[in-house]
Amino acid sequence: MGDWRCTVHRTGEPADRLARLSLVLADELTSAEVRDRARVLARELFGHDVDVGEVEPENWSTRRPPST
């Protein structure tokens with residue numbers, strides 16, 4: 001399984017971050033496939049006027065800044 005993360009924002013307003021998603025998905029998925037799955041999940045949770053930023057592999061060994 002692969003761990004991924006991305007941010008959720010309103011469509012056309014990438015600076016207006018709504019949430020950060022952390023996903024655990026099958027290892028064989030490409031970044032584009034992960035982004036598609038994250039987009040579907042984000043729209044189910046936050047509505048159809050949201051999109052996701054770049055997806056990145058999650059690295060649990062580094063500290064992340066606290067969520068706001």
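A salt bridge is taken here as a side-chain nitrogen of Lys or Arg within 4 Å of a carboxyl oxygen of Asp or Glu. In the predicted model, the side chains of Asp49 and Arg10 meet this description, with N and O 3.1 Å apart. The pair links distant parts of the chain, as Asp49 lies in the loop between α1 and β3 (50-52) and Arg10 in strand β1, 39 residues apart. Asp49 is partly exposed, at a relative accessible area of 41%, and Arg10 is also classed as partly exposed, at 27%.

A search of the whole structure finds 6 salt bridges. One of them is formed by Glu58 and Arg5, whose closest N and O atoms are 3.1 Å apart. This pair, too, connects distant parts of the chain: Glu58 belongs to the segment after β4 (56-57) and Arg5 to strand β1, with their positions 53 residues apart. The relative accessible area of Glu58 is 10%, and the residue is therefore buried, the cut-off for this class being under 20%. Arg5 has a relative accessible area of 23% and is therefore partly exposed. A further salt bridge joins the side chains of Asp36 and Arg39, at 3.3 Å from N to O. Both residues lie in helix α1, 3 residues apart, which is about one turn of the helix. Asp36 is partly exposed, with a relative accessible area of 43%. Arg5, Glu56 and Glu58 are joined into one network by salt bridges that share partners.

Strands β1 (residues 2-10) and β2 run antiparallel and are joined by 9 bridges. At one position of the pairing, Gly2 stands opposite Leu25 in β2. The two strands form a hairpin with 2 residues between them. Gly12, in the turn, has a positive phi of about 85°. Strand β2 covers residues 13-25 and includes Leu18; Arg17 is also found in β2. Arg17 has a relative accessible area of 40% and so counts as partly exposed. The C-alpha atoms of Arg17 and Val52 are separated by 9.3 Å, although the two residues are 35 residues apart along the chain.

Nonpolar side chains were examined both in the interior and on the surface. In soluble globular proteins, nonpolar side chains tend to be buried together. The largest nonpolar core in this model has 14 residues, of which Cys6, Val8, Val34, Ala42 and Val52 touch the most other members. At least two residues of this core come from each of β1, β2, α1 and β3, and β2 gives the most, with 4 residues. When neighbours within four places in sequence are left aside, Val52 is in contact with Cys6, Thr7, Val8, His9, Arg35, Ala38, Arg39 and Ala42. Among these contacts is Arg39, the salt-bridge partner of Asp36.

On the surface, a nonpolar patch is formed by Leu18, Leu41, Leu45 and Phe46, which together have about 320 Å² of accessible area. Helix α1 (residues 31-46) gives the most to this patch, with 3 residues. Leu18 is located in strand β2. Its relative accessibility is 33%, so Leu18 counts as partly exposed; this value also meets the requirement of over 30% relative accessible area for patch residues.

Conventions
Residues numbered from 1 in each chain as written. Predicted model: local features only at pLDDT ≥ 70, side-chain atom pairs only at ≥ 80, totals over all residues. Heavy atoms only, no water. Patch = residues over 30% accessible without salt bridge, like charges linked within 9 Å, V, L, I, M, F, W, Y side chains within 5 Å. Areas by Shrake-Rupley, 256 points an atom, 1.4 Å probe, with all protein chains shown as cover. Buried < 20%, exposed > 50% of the residue type's maximum accessible area, 1.4 Å probe, protein only. Pairing = 2+ DSSP bridges. Core = buried A, V, L, I, M, F, W, Y, C linked by side-chain atoms within 4.5 Å. Contact = heavy atoms within 4.5 Å.
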